[in-house]
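Dear colleague,

I am passing on a structure that you have not worked with before, and my notes on its core and its cysteines follow below. Please have the model open while you read them.

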Amino acid sequence: MKTLACAVVLMLAALPLRAEEAVFDLGFARPGMEQAQFRSTPWGAGVRVWCSNDEDRPDQVVIAMPKGAARSGAARCGLYQQGEGGDWSPKPLDLAGWPGEVCAIFLPDASGVSRLAQLSLALPEQAFNDLARWWDQIFGLPTLRRGRLVHWSTQGSDATIIVGNEDGPRLHAYLQDNQLQSAVNRRLGQLPSHH
């Protein structure tokens with residue numbers, strides 16, 4: 001019995017280490033990856049990544065960035081598929097067995113390389129348990145689980161799944177590179193205002 005108690009104590013002591021070492025990599029995207037890597041991911045036939053800073057973006061692909069964020073070099077990207085008529089429309093991505101919309105925000109690092117700062121996913125609310133189980137397998141035990149909210153955290157990254165009702169009952173999930181986001185927030189705070 002004493003041996004079992006010692007083993008449980010050692011396992012519990014190791015949990016924070018496991019969470020700290022977690023790499024928030026979904027296979028197709030991870031915080032901190034370069035925008036060029038995200039673009040070159042094999043998304044499937046007829047699928048393309050379009051970004052707010054693409055000069056050749058078709059008119060039907062509307063991806064807006066706030067002016068202040070765009071001035072800092074930020075770009076918003078999404079997945080699009082081309083229909084038979086040549087028009088582009090958002091392409092759902094299969095996530096934990098559910099169709100989800102993907103939006104990626106890229107920010108320049110200190111050397112000017114555009115890197116993934118935040119990945120946003122929107123899925124049907126019924127996907128909550130499946131997505132949480134999938135992320136448990138990837139990220140380990142969450143740091144917070146309360147109702148329809150689950151959160152994982154390391155020094156470098158955060159991941160959150162939440163069900164909200166602002167635009168109807170939808171699940172929203174986020175992966176964030178904390179260091180890159182903080183660095184850009186500092187730079188944005190130093191930019192002069194433009195009216």
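Contact here means that heavy atoms lie within 4.5 Å. The model is a predicted one, and in it Trp 135 touches Leu 26, Leu 121, Gly 140, Trp 152, Ala 159, Thr 160, Ile 161, Ala 173, Tyr 174 and Leu 175, where residues up to four places away in sequence are not counted.

Trp 135 is also among the residues with the most contacts inside the largest nonpolar core, which has 36 residues, and it shares that position with Phe 38, Leu 119, Leu 121, Ile 161 and Leu 171. Helix α4, which covers residues 128-139, gives the most to this core, with five residues. A second, separate core has eight residues, including Ala 69, Ile 105, Ala 117 and Leu 180. As general background, nonpolar side chains in soluble globular proteins tend to be buried together.

Turning to the cysteines, the count comes to one disulfide, which joins Cys 51 to Cys 77 with an S to S distance of 2.0 Å. The torsion about its S-S bond is about 105°, so the disulfide of Cys 51 and Cys 77 is right-handed. The pair links distant parts of the chain, since Cys 51 belongs to strand β1 (residues 47-51) and Cys 77 to strand β2 (residues 75-82), 26 residues apart. Cys 51 is buried, with a relative accessible area of 0%, and Cys 77 is buried as well, at 1%.

Cys 103, by contrast, is in no disulfide, and the nearest cysteine sulfur, which belongs to Cys 77, is 8.1 Å away. Cys 103 has a relative accessible area of 18% and is therefore buried, the cut-off being under 20%.

With best regards

Technical notes:
Residues numbered from 1 in each chain as written. Predicted model: local features only at pLDDT ≥ 70, side-chain atom pairs only at ≥ 80, totals over all residues. Heavy atoms only, no water. Core = buried A, V, L, I, M, F, W, Y, C linked by side-chain atoms within 4.5 Å. Buried < 20%, exposed > 50% of the residue type's maximum accessible area, 1.4 Å probe, protein only. Helix = DSSP H or I, 4+ residues; strand = E, 2+ residues; numbered from the N terminus. Disulfide = S-S within 2.5 Å.
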